[in-house]
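Open the model in your viewer and keep the selection box at hand. This tour tells you what to select next and what is there.

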Amino acid sequence: MKKVSRVVALVLLLAMAPIAASATEGFSMALTDSSGEKVIELKRFFAQFDWRSDGSGDTIRRVRPLLYLGHGTCRGKVEMNLAATEVANDANGNWLEIATLECAVSANTTVSVGRLFLSGPRSTPPPFLLRTVEYPKSNTFAAYAYGVQLQRTFGEWNFVVDVTGDSGRQFNDDGNFDRIESSFRIGRKLGSVGTLSFTSQLSRDFTRVGLDWMSSSDQKLNVWAGVYYDDGTTEKLLGMAQVSYPLGRYIRPHVMWDHRPDGSEEWTVGTEVFVTPHVRVLGDYETRADRILARLQFHW
């Protein structure tokens with residue numbers, strides 16, 4: 001299965017590259033019906049290829065298309081990771097990450113049902129916006145589960161809440177509803193300073209909460225900092241901070257401090273280089289692990 005998924009991933013990447021590279025602002029392809037309405041829309045596509053000096057991890061890290069199905073108030077939403085392995089995808093190996101029916105109840109309210117991207121991991125930037133190769137391990141929120149989710153914005157506030165089954169399962173696991181979990185995230189924009197958010201993820205087996213701050217995207221100095229509590233880890237109080245600043249248009253150095261669940265601390269220093277608007281290279285050095293990490297990323 002792994003070999004097949006890698007072949008499919010590479011074929012899709014090669015087929016998409018000439019089309020995607022021609023776009024200067026984002027990427028979108030759609031199959032329409034006779035009336036011109038979108039039946040299937042490829043909204044986003046990105047791929048990552050990694051290298052680690054200690055030989056850990058997989059080279060093909062992610063090959064992820066995001067599809068919208070149908071049109072109107074309710075649409076299907078599917079995101080896959082065609083390169084999914086146990087290392088690459090939250091130790092679950094899921095190639096189907098999101099599969100929901102997403103309904104716009106109003107201009108600022110959305111309800112989704114199905115396999116969801118949960119409230120908790122919204123406390124981290126998406127992979128194609130992350131400044132470093134590795135996410136900080138201090139953030140322990142689970143990412144995917146089956147259930148129902150409500151998203152609502154009101155003024156400077158943003159609110160996401162969901163009720164789901166077990167978030168620690170593969171998408172095709174028989175035990176997806178062995179327990180009930182709930183999580184929510186509420187954030188407020190503080191003008192040009194950024195966004196301060198509180199996140200919680202609860203079940204009968206764990207309590208996870210976090211408070212984080214992300215600087216505004218229009219600020220040159222990019223700061224992401226968080227403090228977290230997880231009663232299921234060796235070190236219950238965790239924290240991280242990441243800072244980056246551009247040097248010209250194409251180079252952005254960064255540094256990250258990560259206080260991890262096992263009590264260890266890791267400092268990461270490195271840079272990201274923007275080769276084109278759709279291609280970037282990330283390079284990191286982890287001081288404690290004494291290893292070099294590199295990533296080639298395509299994002300359309």
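A polar contact here is a pair of N or O atoms within 3.5 Å; within protein, one must be able to donate a hydrogen and the other to accept it. Keep that in mind for the opening stop. Note also that this is a predicted model.

**Stop 1: Thr 199**

Select Thr 199. It sits in strand S10, residues 194-202. Is Thr 199 buried or exposed? Its relative accessibility is 0%, so Thr 199 counts as buried. Now show side chains. The side chain of Thr 199 makes a polar contact with the side chain of Arg 185, at 2.7 Å.

Next, display what surrounds Thr 199. Leave aside its neighbours within four places in sequence. Its contacts then include Ser 119, Gly 120, Ser 123 and Phe 141. Phe 184 and Arg 185 are in contact with Thr 199 too. So are Arg 208, Val 209, Gly 210 and Asp 212. Keep Arg 208 selected for the next stop.

**Stop 2: Arg 208 and Asp 230**

Add Asp 230 to the selection. Arg 208 forms a salt bridge with Asp 230, and the closest N and O atoms are 3.3 Å apart. Arg 208 lies in strand S11 (residues 207-215) and Asp 230 in strand S12 (residues 222-230), so this pair ties together parts 22 residues apart in sequence. Arg 208 is buried, with a relative accessible area of 14%. Asp 230 counts as buried as well, at 3% relative accessibility.

**Stop 3: strands S14, S15 and S16**

Select residues 251-259 for strand S14. Then select residues 265-276 for strand S15. In which sense do S14 and S15 pair? They pair in the antiparallel sense, over 9 bridges. For one point along this pairing, pick Val 255: its bridge partner in S15 is Val 269. The two strands form a hairpin with 5 residues between them. Click on Gly 263 in that turn; its phi is positive, about 95 degrees.

Now add residues 279-286, which make up strand S16. S15 and S16 also pair in the antiparallel sense, over 8 bridges. Thr 271 stands opposite Gly 283 in S16. How many residues lie between S15 and S16 in their hairpin? There are 2.

Stay with S14 and S15 for one more pair. Select Glu 272 and Arg 252. They form a salt bridge, with the closest N and O atoms 3.8 Å apart. Glu 272 is in strand S15 and Arg 252 in strand S14, 20 residues apart. Both Glu 272 and Arg 252 are buried.

**Stop 4: a nonpolar patch**

In a regular strand, side chains alternate between the two faces of the sheet. Move one place along the chain from Glu 272, to Val 273. Val 273 is also in strand S15. Val 273 has 31% relative accessibility, so it counts as partly exposed.

Switch on the surface. Val 273 belongs to a nonpolar patch there. Select the other members: Leu 221, Val 243, Tyr 245, Leu 247, Tyr 250, Ile 251, Val 275, Val 281 and Leu 296. Together with Val 273, these residues have about 820 Å² of accessible area.

**Stop 5: Asp 54 and Arg 291**

A search of the whole structure finds 25 salt bridges. One of them joins Asp 54 and Arg 291, with the closest N and O atoms 3.1 Å apart. Asp 54 lies in the loop between strand S2 (38-52) and strand S3 (60-69), and Arg 291 in strand S17 (residues 291-299), so the pair ties together parts that are 237 residues apart in sequence. Asp 54 counts as partly exposed, at 45% relative accessibility. Arg 291 is buried, at 11%.

Widen the selection. Asp 54 and Arg 291 are part of a network of salt bridges. The network also links Asp 50, Arg 52, Arg 61, Glu 134, Glu 286 and Arg 295.

**Stop 6: two loop residues**

Step back from Arg 291 to Asp 290. Asp 290 is in the loop between S16 and S17. What is its phi? Phi is near 55 degrees, a positive value in a residue other than glycine. Asp 290 is exposed, with a relative accessible area of 54%.

Finish at Thr 73, in the loop between S3 and strand S4 (74-80). Thr 73 is exposed, at 53%. Add Glu 102. The C-alpha atoms of Thr 73 and Glu 102 are separated by 8.3 Å, while the residues are 29 apart along the chain. Leaving aside neighbours within four places in sequence, Thr 73 is in contact with Glu 102, Cys 103 and Ala 104.

Conventions: Residues are numbered from 1 along each chain as its sequence is written. This is a predicted model: local features need pLDDT of at least 70, side-chain atom pairs count only at pLDDT 80 or more; totals for chains, interfaces and linings use all residues. Side-chain values use heavy atoms; hydrogens and water are left out. Patches are made of residues with over 30% relative accessible area and no salt bridge: like charges are joined within 9 Å, nonpolar side chains (Val, Leu, Ile, Met, Phe, Trp, Tyr) within 5 Å. Accessible areas come from the Shrake-Rupley method with a 1.4 Å probe; for residues, only the protein chains shown count as cover. A salt bridge is a side-chain nitrogen of Lys or Arg within 4 Å of a carboxyl oxygen of Asp or Glu. Helices (H or I, at least four residues) and strands (E, at least two) are DSSP runs, numbered from the N terminus. Buried means under 20% relative accessible area, exposed over 50%, partly exposed in between (1.4 Å probe, protein chains only). Contact means heavy atoms within 4.5 Å. Two strands pair if DSSP finds at least two bridges between them.
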